[in-house]
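Here is a friendly walk through one protein chain, told in questions and answers. Have a look at the picture, then read on.

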Amino acid sequence: MKRFARLEQIRRMDPYDEATEIYRLSVAYEFPWDFTRALELALYRTYAVPGIGRLLARTAELTDRTQKRYDDTSLLLDTIVEHGFGSDEGRTAIRRINQMHRSYDISDDDMRYVLCTFVVMPKRWIDAYGWRRMSRHETVASAVHYRALGRHMGIKDIPGTYEEFETCLDTYEAAHFAWDADARRVSDATLDLMASWYPGPLAPLLRTTTLALLDDSLLRAFRYTPPHATTRAWVRRAVRLRGRAVRLLPPRRAPHFARQNWEIKGYPYGYRIADLGTRPVPGVRGCPVRHPAADAEAG
């Protein structure tokens, strides 16, 4: 197979009718490492919205059980990518996602914003650091895939195009990014988790490397001291060089899904999709509440 053969295949597909199939090819074959990094940073940047960061701090899911929360989020989202919305596995994953989110008072605006990060941040990352830029077919398919996920989650007023997702994200961040002490605790715990995947002596270097990849709006919201301009330039250049090196490699012949990532640490003996995620108890850790619509399961 030639290096661009799969891109040619994607361009022959319909980005609306075959959106999830195209997204699966992009995630599991073309850019598995890049999508992992981009989606990590997509979720991370949502903590800079104080309402989201405070809720996550109250539940303690991202401070006391950081690795499990990382694992479960990655596995649930990727189950839908691997198996599709109509599969038993995909429906179970969506049911679990909805059961968790409906236990808390989360605004439609916040939910819509998180959805926007899943669409926008991977394209921005891949265009900057990937072995090639995302094609228009892949960009459209990503937006269509996450529109479908948003509908299954009952989110209202979902953007219709990639450009609308991008505008929604940028507008929301400009209006809502702000300092919050609890959100900073969640951010610190996440940075500690990422560093924990590597030998201990590398932790300070890895923290600096991660901060060097963050934009100024995030650094200001969390009140982190920005890395030196030279450090940021070298880190970003190194990640771009990795992309150029990947371009020279043969295309991937077997898919790579999130469940195969070595960063997933919590399930060495496997897992059941129905067991993933949290099961909040009313009155405990973040004051979960029962909503009238909680009995209606999307899927």
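Q: What makes a residue count as buried here, and how much of the protein chain is buried?
A: A residue is called buried when its relative accessible area is under 20%. In this predicted model, buried residues make up 52% of the 299 residues in the protein chain.

Q: What makes up the protein chain in terms of helices and strands?
A: The protein chain holds 13 helices and zero strands. Followed along the sequence, its pattern reads α-α-α-α-α-α-α-α-α-α-α-α-α.

Q: Why is the protein chain called as compact as a globular protein of that length?
A: Its radius of gyration is 19 Å, and the globule rule gives 19 Å for 299 residues; the two values are close, so the chain is as compact as a globular protein of that length. The C-alpha trace spans about 55 × 45 × 40 Å along its principal axes. As for contacts with a separation of 6 or more, 77% are between residues 24 or more positions apart.

Q: Why are helices H10 and H11 called oblique to each other?
A: The axes of H10 (residues 181-196) and H11 (residues 203-212) cross at roughly 120°. Angles of 65 to 115 degrees would be roughly perpendicular, and those over 145 roughly antiparallel. The crossing angle fits neither group, and H10 and H11 are therefore oblique. Their axes come within 9 Å, and H10 passes H11 in a right-handed crossing.

Q: Which residues of H10 and H11 meet?
A: From H10 come Arg184, Asp188, Leu191, Asp192, Met194 and Ala195, and from H11 come Ala203, Leu206, Arg207, Thr210 and Leu211. Sorted by class, this contact has six nonpolar, one polar and four charged residues.

Q: How do you know whether tyrosine 16 is buried or exposed?
A: Its relative accessibility is 57%, and exposed means over 50%, so tyrosine 16 counts as exposed. Tyrosine 16 sits in the loop between helix H1 (5-11) and helix H2 (19-30).

Q: What does tyrosine 16 contact beyond its neighbours within four places in sequence?
A: With those neighbours left aside, tyrosine 16 is in contact with Val140 and Val144. Its C-alpha atom is 9.5 Å from that of serine 142, although the two residues are 126 residues apart along the chain.

Q: How do you know whether threonine 36 is buried or exposed?
A: Threonine 36 has a relative accessible area of 14%, which is under the 20% limit, so this residue is buried. It belongs to helix H3 (residues 32-46). Not counting residues up to four places away in sequence, threonine 36 touches Tyr70 and Asn261.

Q: What makes the phi of alanine 60 worth pointing out?
A: Most residues other than glycine have a negative phi. Alanine 60 is not a glycine, yet has a positive phi of about 65°. Alanine 60 lies in the loop between helix H4 (50-59) and helix H5 (66-83). With 1% relative accessibility, under the 20% limit, alanine 60 counts as buried.

Q: Where is arginine 223, and why is arginine 223 called exposed?
A: Arginine 223 is placed in the loop between helix H12 (216-222) and helix H13 (229-247). Its relative accessible area is 54%, over the 50% cut-off, so arginine 223 is exposed. Arginine 223 has a positive phi of about 60° although it is not a glycine.

Key. Residues are numbered from 1 along each chain as its sequence is written. This is a predicted model: local features need pLDDT of at least 70, side-chain atom pairs count only at pLDDT 80 or more; totals for chains, interfaces and linings use all residues. Side-chain values use heavy atoms; hydrogens and water are left out. Axes are lines fitted to C-alpha atoms, for helices over the stretch in contact, and angles run from 0 to 180 degrees between N-to-C directions. Helices (H or I, at least four residues) and strands (E, at least two) are DSSP runs, numbered from the N terminus. Angles under 35 degrees count as roughly parallel, over 145 as roughly antiparallel, 65 to 115 as roughly perpendicular and the rest as oblique. A crossing is left-handed if the near helix is turned anticlockwise from the far one by less than a right angle, and right-handed if clockwise. Contact means heavy atoms within 4.5 Å. Ala, Val, Leu, Ile, Met, Phe, Trp, Tyr, Cys and Pro count as nonpolar, Asp, Glu, Lys and Arg as charged, and the others, Gly among them, as polar. Buried means under 20% relative accessible area, exposed over 50%, partly exposed in between (1.4 Å probe, protein chains only). The radius of gyration is taken over C-alpha atoms; the globule rule is 2.2 Å times the number of residues to the power 0.38.
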